[in-house]
Amino acid sequence: MKSILFLTLVATLFINCSTDEVVSEPIATPIPNPIVLEPMYFPANGSATWETKTIQSLNWNQNAVQPLIDYLQLKNSKSFMVLVNGKIVMENYFNGHDVNAQWYWASAGKTLTSTITGIAQQEGTININNKVSNYLGIGWTSAPIAKENLITCKNLLTMTSGLDDTNDGVLPADLTYVADANTRWAYHNVYVKLQDVVSQASGQSWPNYFNTKLRNKIGMDGGWIQSGNNSVYWSTTRSMARFGLLMLNKGKWNNDQILNENYFTEATSTSQTINQSYGYLWWLNGKSSYHLPQSQLQINGSLIPSGSNDMFMALGRDDQKIYVIPSKKMVVIRMGNAADGSNFALSGFDNELWLKINALYQ
């Protein structure tokens, strides 16, 4: 009897659960991120036109805009730009500065030298693994010849030459031995010798090679001005933003791969074992530790705790900044005088600024 009841129950359930009556919950389809799907925009060379995006179109917090602008003005800024997918979201000028005014990049311009070095290598003009004396001759430093011959172009890119960093001079008398190459990280002007390497190897002046291979291809303005022991780049804010946009796109401008992507990846990754937060003259966020200029102290943690972990940066004296954030398809530019006190690259301003920027979209 129990068997008959059981079979009857099963048959009833089978009949009641016909396919015509089955109701299933709809499967949720993820909403595409419009920023991810939107094609990257590149402003035309030789044109003042640059497309924009509004705060509202990004669903950002409009109430966070004015506090950010007030903070930038308070901190001696001259200009500030935010690009998303290549389009201008914010562009602000302060203290008489404007879209046509030029300002110095300071050490943020080291990344221009890094990029040109990569271009020269991909063209077969140089090899960064070659010793510097292959291009500049023996005696470009005051180090013993055996120690000088340890120094490669890559050591100049990574700040691991082992040369004395207590002065900024780059004449042979100023470049004295402290440690073997690759054993010490020290922020030093000796990187500028890469400009001489490229010039010697290419048979062209540094400005001419730079203009032909990079500046003119992405529509930058500006030029190099000698300042003491250094060669400093000056340009408009928009030209700095053009370079940031090139690097956001891994060295590609529209359909032109200006910088080899393999070199770009090396340049924006940890380049040696001493300072985790340094690539090829680029600063890197989100690493486990870092060193600062003029110090051999290792500091645990990320360079800019409030910034995205994937952010890489060109940081210059007195708070000249290019921040590139791939995960947000964002480039942020700041030019001006020192926000607080004079500094070499990183300052407390970076973290405070990113707290204000984060308020836009958090």
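This report covers one helix and its packing, a small sheet, and two residues with unusual backbone angles. The model is predicted.

**Helix α12**

Helix α12 spans residues 348–361, and its buried residues are F349, D350, L353, W354, I357, N358 and L360. Viewed down the axis of α12, these buried residues fall within an arc of 165 degrees, so they line one face of the helix. The elements that the buried residues of α12 pack against are one helix, α3 (65–74), and the strands β1 (77–84), β2 (87–93), β11 (312–316), β12 (320–325) and β13 (330–336).

**The α3 and α12 pair**

The axes of α3 and α12 come within 8 Å, and they cross at roughly 160 degrees. Because an angle over 145 degrees counts as roughly antiparallel, α3 is roughly antiparallel to α12. The crossing in which α3 passes α12 is left-handed. On the α3 side, V65, L68, Y71 and L72 make the contact. On the α12 side, the contact is made by F349, E352, L353, K356, I357 and L360. Of these α12 residues, F349, L353, I357 and L360 are also listed among the buried residues of the helix.

**The sheet of β3, β5 and β4**

Three strands form an open sheet in the order β3-β5-β4, with antiparallel pairing. The edge strands are β3 (103–104) and β4 (223–227), each of which pairs on one side only. Strand β5 covers residues 230–235, and its antiparallel pairing with β3 runs over 2 bridges. In this pairing, S235 of β5 is the bridge partner of W103.

**Residues with positive phi**

Most residues other than glycine have a negative phi. M159 and D319 have positive values, although neither is a glycine. The table gives the angle, place and accessibility of each.

| Residue | Phi | Loop between | Relative accessibility |
|---|---|---|---|
| M159 | near 65 degrees | α7 (153–158) and α8 (193–202) | 3% |
| D319 | about 70 degrees | β11 and β12 | 1% |

Buried means under 20% relative accessible area. M159 therefore counts as buried at 3% relative accessibility, and D319 counts as buried at 1%. The loop that holds D319 lies between β11 and β12, and both of these strands are among the elements that the buried residues of α12 pack against. M159 lies in a loop between two helices, α7 and α8.

Definitions and conventions
Residues are numbered from 1 along each chain as its sequence is written. This is a predicted model: local features need pLDDT of at least 70, side-chain atom pairs count only at pLDDT 80 or more; totals for chains, interfaces and linings use all residues. Side-chain values use heavy atoms; hydrogens and water are left out. Buried means under 20% relative accessible area, exposed over 50%, partly exposed in between (1.4 Å probe, protein chains only). Helices (H or I, at least four residues) and strands (E, at least two) are DSSP runs, numbered from the N terminus. The arc is that of the directions from the helix axis to the C-beta atoms. Contact means heavy atoms within 4.5 Å. Two strands pair if DSSP finds at least two bridges between them. Axes are lines fitted to C-alpha atoms, for helices over the stretch in contact, and angles run from 0 to 180 degrees between N-to-C directions. Angles under 35 degrees count as roughly parallel, over 145 as roughly antiparallel, 65 to 115 as roughly perpendicular and the rest as oblique. A crossing is left-handed if the near helix is turned anticlockwise from the far one by less than a right angle, and right-handed if clockwise.
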